[in-house]
Structures are given as C-alpha cells and as structure tokens.
Amino acid sequence: MPESAQTRTRGPYRTGIRRREQLVGIAMDVFGEHGFAGGSLRTIAEQAGVNHATLIQRFGSKEGLLTAVLEEWDRRTVDNGLTDVSGLDYFRRLPDVMSAHQDNRGLLELFTTIAAEASNTAHPGHAFITQRYIANLGTLSAHLQEAVEAGDIAPLSPAQIEVEVRLLTAMMDGIGLQWLLNPETDIRASVSTYVERAIAAWGGK
C-alpha cells in the first residue's frame, strides 16, 4: 500500500481512538462525581460537545459506556507500582501506591462511587466490581502465602490469610474514602502504620 494511503488509513483511525479516549475520560469524571444513576448521557454529551446519539453509536448504551469506563479504570490502576515486588515487599509498597491516588482523585471517586452502587446485583457494574475484588483478594493472598513459604512471617492457615487480606482491603478502601471526605488525611502514614503493624503481628521482621 502506498505511504499516502497508509497515512490516510492511520490518521482517521488514530483520531477515532483519541476521541473515544476523550469520551471515556469525560464519562469517568461524570460517573465518579454523580454515580451511574446520576450521571446522565446528556451531561456527558454536553461536556464532550457531542450529541446523545453519538454516545449511543459509539458505546451502544449507557451500560456500554460504563463498561468502557470501568475497563479504562482497571487499565490505569491494576498492579500500579507493584509489578516488580512480591511477598512482604508487595505489602510494604502499598503506602506508595495508595498515596498516588492523591494525584488521581477522579479515579478514586469513580471506584468508591461505583463500588458502593454495585452492591446492588442489578447494577450494570456489579459483575465487574465483584470480580475485581475477587482478583485483588487473590493477589494479596498469594503474596502473603509467598511470605509464609519464604519464612519471612509465621505460618498462617488459608482461613487466616483470607481474614488478613480482607482486613487490609477494608483498611485501604476506608482510608481512601476518608481522604475523599477530608484531603488532609495522611494516606501514606495511615497505610504504612497499618501495614507495619500487620507485618509485626504476622511475625515478620
């Protein structure tokens, strides 16, 4: 294919991708602020400078747009800053990862709002959020088990590991919410204190 033809093909494609990313970004902000129920397609369309029909054409429905938003949130946040560590080092990196939310308030608002709404099984994001929690708990459990096998902490049964990672997850969710309500909340210090206390309770060094 001649270079000029390739350019014509790639140009509109790249423009379409960028426009889709812009629409998802705007929807992410609206859903994060108003939730899925309160965040209307009309509001998203107005902020994006497009009409309602354009959003339907690109995403199929409001539910389809939410799916795109959740997938983008997952892409930005999954294993952020944690891909190069394991075992106890994984847990000691959590204060850095959590404090990074301070530079991405909109993402934390989105997760907190949608996660609360998605406790309703009829919510379109229910399956996604449920699976995300399952995956997160599984990751934490694997790293805690790795610390046990390495002899870095005292032995823990599978049931004990499950309780520990659920408590850790609840703490991080809670600190995130407290920071959203009061930006003076010291996320790093709070998470670090909890993690170090947990490691000490596990018999770690």
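How much accessible surface does the protein have, and what share of it belongs to carbon and sulfur atoms? The accessible surface comes to about 11,400 Å², and 52% of that belongs to carbon and sulfur atoms. Please keep in mind through all the views below that this is a predicted model.

**Figure 1. The whole chain, an assembly of helices.** The protein has 10 helices and 0 strands, so let us start with the overall frame before moving in. Along its principal axes, the C-alpha trace spans about 60 × 45 × 35 Å. Of the 205 residues, 37% are buried. Taking contacts between residues at least 6 apart in sequence, 69% join residues at least 24 apart.

**Figure 2. The largest pocket and its lining.** About 750 Å³ of space lies in this pocket. It is lined by 31 residues, and those closest to its centre are Trp73, Met98, His101, Arg132 and Asn136. Helices α4, α6 (94-99), α7 (105-117), α8 (126-149) and α9 (158-181) each supply at least two residues of the lining. The largest share, 6 residues, comes from α8. By class, the lining of the largest pocket divides into 17 nonpolar, 9 polar and 5 charged residues.

**Figure 3. The second largest pocket, with α1 and α4 in its lining.** Here the volume is about 190 Å³. Helices α1 (3-38) and α4 each supply at least two of the lining residues. The residues to look for are Ile17, Arg20, Glu21, Val24, Gly25, Ala68, Glu71, Glu72, Arg75 and Arg76. Sorted by class, they give 3 nonpolar, 1 polar and 6 charged residues.

**Figure 4. A closer look at Glu72, one of the residues lining the second largest pocket.** Glu72 lies in helix α4, which covers residues 62-77. Is this residue buried or exposed? Glu72 counts as buried because its relative accessibility is 17%, and the cut-off for buried is under 20%. Leaving aside neighbours within four places in sequence, Glu72 is in contact with Val24 and Met28. Val24 also appears in the lining of the second largest pocket.

**Figure 5. Arg92 and Glu196, a salt bridge between α5 and α10.** The structure holds 4 salt bridges, and this view shows one of them, in which the closest N and O atoms of Arg92 and Glu196 are 3.6 Å apart. Arg92 lies in helix α5 (residues 88-92) and Glu196 in helix α10 (residues 187-201), so the pair ties together parts that are 104 residues apart in sequence. Both partners count as partly exposed, Arg92 at 31% relative accessibility and Glu196 at 36%.

**Figure 6. Arg188 and Asp96, a salt bridge between α10 and α6.** The closest N and O atoms of this pair are 2.2 Å apart. Arg188 sits in helix α10 and Asp96 in helix α6, 92 residues apart, and the pair links these distant parts of the chain. Arg188 is partly exposed at 41% relative accessibility, and Asp96 is partly exposed with a relative accessible area of 38%.

**Figure 7. Glu109 and Arg105, a salt bridge within α7.** In this pair the closest N and O atoms are 2.9 Å apart. Why are Glu109 and Arg105 separated by about one helical turn? The reason is that they are 4 residues apart in helix α7. Glu109 is partly exposed at 24% relative accessibility, and Arg105 is partly exposed at 31%.

Notes
Residues are numbered from 1 along each chain as its sequence is written. This is a predicted model: local features need pLDDT of at least 70, side-chain atom pairs count only at pLDDT 80 or more; totals for chains, interfaces and linings use all residues. Side-chain values use heavy atoms; hydrogens and water are left out. Buried means under 20% relative accessible area, exposed over 50%, partly exposed in between (1.4 Å probe, protein chains only). Contact means heavy atoms within 4.5 Å. On a 1 Å grid over the protein atoms alone, a cavity is a set of points where a 1.4 Å probe fits but cannot get out, and a pocket is an open set with protein on both sides within 12 Å along at least five of seven lines; lining residues have an atom within 4 Å of a point. Grid points are joined across faces, edges and corners, and a volume is the space filled by probe spheres set on the points. Ala, Val, Leu, Ile, Met, Phe, Trp, Tyr, Cys and Pro count as nonpolar, Asp, Glu, Lys and Arg as charged, and the others, Gly among them, as polar. Accessible areas come from the Shrake-Rupley method with a 1.4 Å probe; for residues, only the protein chains shown count as cover. A salt bridge is a side-chain nitrogen of Lys or Arg within 4 Å of a carboxyl oxygen of Asp or Glu.
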